[in-house]
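Welcome! Open your viewer, get comfortable with the selection tool, and follow along stop by stop.

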Amino acid sequence: MSTKKVTIQVTGSGILQDDVIMLGEGVLKALKIPSGRPLQLQFGSYRREVTVIPVPRYDGLRLNQTVASKTGLVPRSVLRVSYRASSHTLRLGPYISVMVSQDYPDQPDRPFGSITMFCQELVHACRKQGAYVSFFTPEDIGAVTGYMQGWVYDDGWKKTVLPVADVVNNRLTSRKLENKPSVQHFMKEVKSLYGTHTFNEKFLDKNEVFDALKSIPTLKRVLPESHLLKTSATLKAMCQRYPVIFLKPVRGSLGKGIIRVSRQPEGGYLTLATSVGGTRKQSYASLDKLYASMSGKMKTTRYQIQQGLTLIDNSGRPVDFRALVQKNKTGKWSVTSIVARIAGGSHYVSNLARGGSLSTVKEAVAKTQLSSSAKASAYAGLHTAALDIAKGIESAIPAHFGELGIDLALDTSGRVWLLEVNSKPSKNDNTPLSESKIRPSVKAMLEYSTYLAGF
């Protein structure tokens with residue numbers, strides 16, 4: 001199916017009737033659109049029968065103000081147009097919506113708080129590529145079928161009524177919001193009624209990921225031994241097998257609540273727990289006492305118990321890696337970036353939120369005790385593992401993902417290990433170190449959305 005980019009112009013309602021649009025003759029010829037006969041105009045969930053008037057020496061599309069207000073299109077939008085002869089449908093798009101957790105209408109310059117720059121960047125990318133993007137929160141999901149509230153950019157942010165998009169990217173950062181009945185109903189309804197594609201549909205929890213990937217033989221090599229912590233017997237068995245183990249909240253993020261348990265030479269166990277002020281130390285004479293101290297937390301938080309690894313470090317600071325893996329313009333997984341994260345001075349986790357810093361893979365491994373051959377093959381090993389893990393998630397977990405933040409580590413022999421997978425990767429954590437106007441991560445998200453929309 002061929003498409004052509006057009007600029008949308010809006011005229012006053014008195015100049016053009018609601019059921020008439022004007023289209024450049026060049027566009028009509030390029031897409032083999034017959035003139036003079038009624039067509040279905042489609043933009044997301046908006047559909048209307050229209051008659052097309054060809055305009056010589058014109059390369060755009062002109063709508064009247066009434067139709068523009070029902071579509072939410074702003075003047076001078078650049079979109080692609082396609083024509084499907086079998087259904088006489090003239091389709092505008094791709095139209096993408098991003099569901100965000102919260103908006104701030106009283107802050108017109110920063111309506112999405114800390115991710116406003118990402119949203120602005122996506123608007124800019126869409127205008128260059130010929131796509132349309134809006135942003136909405138769970139509160140904007142409307143009672144009127146086929147329509148909703150949302151934000152668009154037109155020389156400033158404005159909130160307006162919009163049709164449902166071709167593609168919805170779920171950027172919710174709260175499980176509580178995502179699990180709201182209204183959100184779940186919306187995501188199911190738009191798929192069934194309009195064929196909308198939704199991606200990054202759900203949060204992943206750590207235990208779900210490791211359990212799913214255990215069934216894939218090719219991934220066993222990258223998986224540290226992991227279990228859901230249910231009994232003291234599991235804790236004792238893991239602490240007998242490994243000198244260090246980690247207890248991680250199954251639904252935790254940003255390194256919160258992780259507990260490192262190490263067996264002491266003189267007997268007993270030392271725990272290090274991440275906290276706001278740094279790292280909290282605690283000693284226990286026995287594992288029974290340690291487990292008893294966990295019982296209160298375990299009433300509200302499920303923990304994954306995981307084999308401790310002897311990881312590479314940079315001057316005593318642990319190093320791990322975040323790979324951003326995204327679907328590309330042909331719908332295949334592709335690695336967009338891999339960055340090294342070096343833990344802050346008082347921490348044993350590398351998250352930026354805990355004082356960690358970013359580095360390139362090459363620079364990070366150069367300052368470690370890895371062998372020359374392990375340093376030379378580090379990037380390729382991380383790249384291969386990231387791709388294999390993304391494909392494994394897709395095959396083993398029944399949900400649609402378009403991007404994954406995959407946290408990996410290297411042990412002192414150069415072997416790659418999986419730490420965790422994040423289905424809502426932060427737009428700060430994976431920022432490439434070289435700055436450009438449109439980041440590769442934003443470009444990839446737009447290209448995959450365009451692919452899903454059928455443009």
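Start by selecting helix H11, which provides the largest share of the lining of the second largest cavity, three residues. Keep in mind as you look around that this is a predicted model.

Now add the rest of the wall. The residues lining this second largest cavity are Phe199, Gln326, Lys327, Gly402, Glu403, Ala444, Met445 and Tyr448. Two elements each give two or more residues to that lining: strand S21 (317-327) and helix H11 (440-453). Try colouring your selection by class, and you will have four nonpolar, two polar and two charged residues. The space they line is about 30 Å³.

How many cavities of 30 Å³ or more does the structure hold? There are two, so let's visit the other one.

For the next stop, select Val74, Ser77, Val78, Val123, Cys126, Arg127, Ala131, Tyr132, Val133, Val152 and Tyr153, which line the largest cavity. Helix H3 (116-129), strand S9 (132-136) and strand S10 (147-153) are the elements that each give two or more residues here. Highlight H3 in its own colour: with three residues, H3 gives the most to this lining. The volume of the largest cavity is about 90 Å³.

Colour by class once again. This time the lining divides into nine nonpolar residues, one polar and one charged.

For a last view, colour by domain. Which domains does the lining of the largest cavity draw on? Domain 1 (3-93) and domain 2 (95-199) each supply at least three of its residues.

Conventions
Residues are numbered from 1 along each chain as its sequence is written. This is a predicted model: local features need pLDDT of at least 70, side-chain atom pairs count only at pLDDT 80 or more; totals for chains, interfaces and linings use all residues. Side-chain values use heavy atoms; hydrogens and water are left out. On a 1 Å grid over the protein atoms alone, a cavity is a set of points where a 1.4 Å probe fits but cannot get out, and a pocket is an open set with protein on both sides within 12 Å along at least five of seven lines; lining residues have an atom within 4 Å of a point. Grid points are joined across faces, edges and corners, and a volume is the space filled by probe spheres set on the points. Helices (H or I, at least four residues) and strands (E, at least two) are DSSP runs, numbered from the N terminus. Ala, Val, Leu, Ile, Met, Phe, Trp, Tyr, Cys and Pro count as nonpolar, Asp, Glu, Lys and Arg as charged, and the others, Gly among them, as polar. Domain bounds come from an automatic or database domain assignment.
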